[in-house]
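The exercises below are meant to be worked with the sequence and the coordinates side by side. Each one sets a task and then goes through a solution step by step.

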Amino acid sequence: MSKKLKQEKTRCLKGCTGHLVSAFITETYSRHGSRMAVTVTGIPAVECSVCHERLTDLSTFGEVERFVHPLLALGQTKGRLPLPHVTIEFPQFASVQRRSA
């Protein structure tokens, strides 16, 4: 999360009366034309206490994108039968990617 967010209670960016609080969220990603969906659990984020708007920082989003993108591409490959829905926990694949970098 950004330094500003850590230093002060930040109000919701949508303009409601809520404040952003640390959370771990679950998101499901899919791509048009792909037979596959990938659900990622345990993504570190902040969430509005009132409207429940969710935000992740750019580095976290980048880690999720680098992992999810190739999996969704498999679902578009003809002749392959990938799992139609994969669920993975964020801390697991993030640590694997950091070791291989």
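**Exercise 1. Establish what share of the chain counts as buried, how much surface the chain exposes, and how its elements are ordered.**

Step 1. In this predicted model, 32% of the 101 residues of the chain count as buried.

Step 2. The chain exposes about 6,900 Å², and carbon and sulfur atoms supply 57% of that area.

Step 3. The chain holds three helices and four strands, and read from the N terminus on, these elements follow the order α-β-β-β-α-β-α.

Step 4. Among contacts with a separation of 6 or more, 62% are between residues 24 or more positions apart.

**Exercise 2. Decide where the coordinates call for caution.**

Step 1. The average pLDDT of the chain is 79, and 72% of the residues score at least 70.

Step 2. Over residues 1-8 the pLDDT stays under 50, and for this stretch the model has nine contacts beyond four places in sequence.

Step 3. Where pLDDT is low, the predicted coordinates should not be read in detail.

**Exercise 3. Identify the salt bridges, and say for each partner whether it is buried, partly exposed or exposed.**

Step 1. Counting the pairs in which a side-chain nitrogen of Lys or Arg lies within 4 Å of a carboxyl oxygen of Asp or Glu gives three salt bridges.

Step 2. One of them joins the side chains of Glu53 and Lys14, with an N to O distance of 3.5 Å. This pair links distant parts of the chain, 39 residues apart, since Glu53 lies in the loop between β2 (37-48) and β3 (54-55), while Lys14 lies in the loop between α1 (3-7) and β1 (20-30). The cut-offs are under 20% relative accessible area for buried and over 50% for exposed, with partly exposed in between; Glu53, with a relative accessible area of 27%, is therefore partly exposed, whereas Lys14, with 60%, is exposed.

Step 3. Arg54 forms a salt bridge with Glu27, in which the closest N and O atoms are 3.6 Å apart. Here too the pair links distant parts of the chain, with Arg54 in strand β3 and Glu27 in strand β1, 27 residues apart. Arg54 is partly exposed at 40% relative accessibility, and Glu27 is partly exposed with a relative accessible area of 27%.

Step 4. Arg54 also forms a salt bridge with Glu47, the closest N and O atoms being 3.3 Å apart. Because its relative accessibility is 18%, Glu47 counts as buried.

Step 5. Taken together, Glu27, Glu47 and Arg54 are linked in a network of salt bridges.

**Exercise 4. Determine which residues make up the largest nonpolar core, and which elements supply them.**

Step 1. The largest nonpolar core has 12 residues in all, namely Ala23, Ile25, Val38, Val40, Ile43, Ala45, Val64, Val68, Leu71, Leu72, Ile88 and Phe90. At least two residues of this core come from each of β1, β2 and α2 (58-74).

Step 2. For a view from one member, consider Ile25: leaving out residues up to four places away in sequence, Ile25 touches Val40, Thr41, Gly42, Ile43, Ala45, Arg54 and Thr56.

**Exercise 5. Trace how strand β4 presents its side chains and how this strand is paired.**

Step 1. In a regular strand the side chains alternate between the two faces of the sheet.

Step 2. Strand β4 (residues 85-89) shows such an alternation, in that Val86 and Ile88 point to one face and are buried, while His85, Thr87 and Glu89 point to the other and are not buried.

Step 3. The strands β2 and β4 run parallel and are joined by five bridges, and Thr41 stands opposite Glu89 in β4.

**Exercise 6. Describe the surroundings of Pro91 and the backbone at His52.**

Step 1. Pro91 belongs to helix α3 (residues 90-100) and is partly exposed, with a relative accessible area of 42%.

Step 2. Apart from its neighbours within four places in sequence, Pro91 is in contact with Thr41 and Gly42. The C-alpha atoms of Pro91 and Gly42 are separated by 7.0 Å, although these residues are 49 residues apart along the chain.

Step 3. His52 lies in the loop between β2 and β3, and its phi is near 65°, a positive value in a residue other than glycine. His52 is partly exposed, with a relative accessible area of 48%.

Notes:
Residues are numbered from 1 along each chain as its sequence is written. This is a predicted model: local features need pLDDT of at least 70, side-chain atom pairs count only at pLDDT 80 or more; totals for chains, interfaces and linings use all residues. Side-chain values use heavy atoms; hydrogens and water are left out. Buried means under 20% relative accessible area, exposed over 50%, partly exposed in between (1.4 Å probe, protein chains only). Contact means heavy atoms within 4.5 Å. pLDDT is the predictor's confidence in each residue, from 0 to 100. Two strands pair if DSSP finds at least two bridges between them. A nonpolar core is a set of buried Ala, Val, Leu, Ile, Met, Phe, Trp, Tyr and Cys residues joined through side-chain atoms within 4.5 Å. Accessible areas come from the Shrake-Rupley method with a 1.4 Å probe; for residues, only the protein chains shown count as cover.
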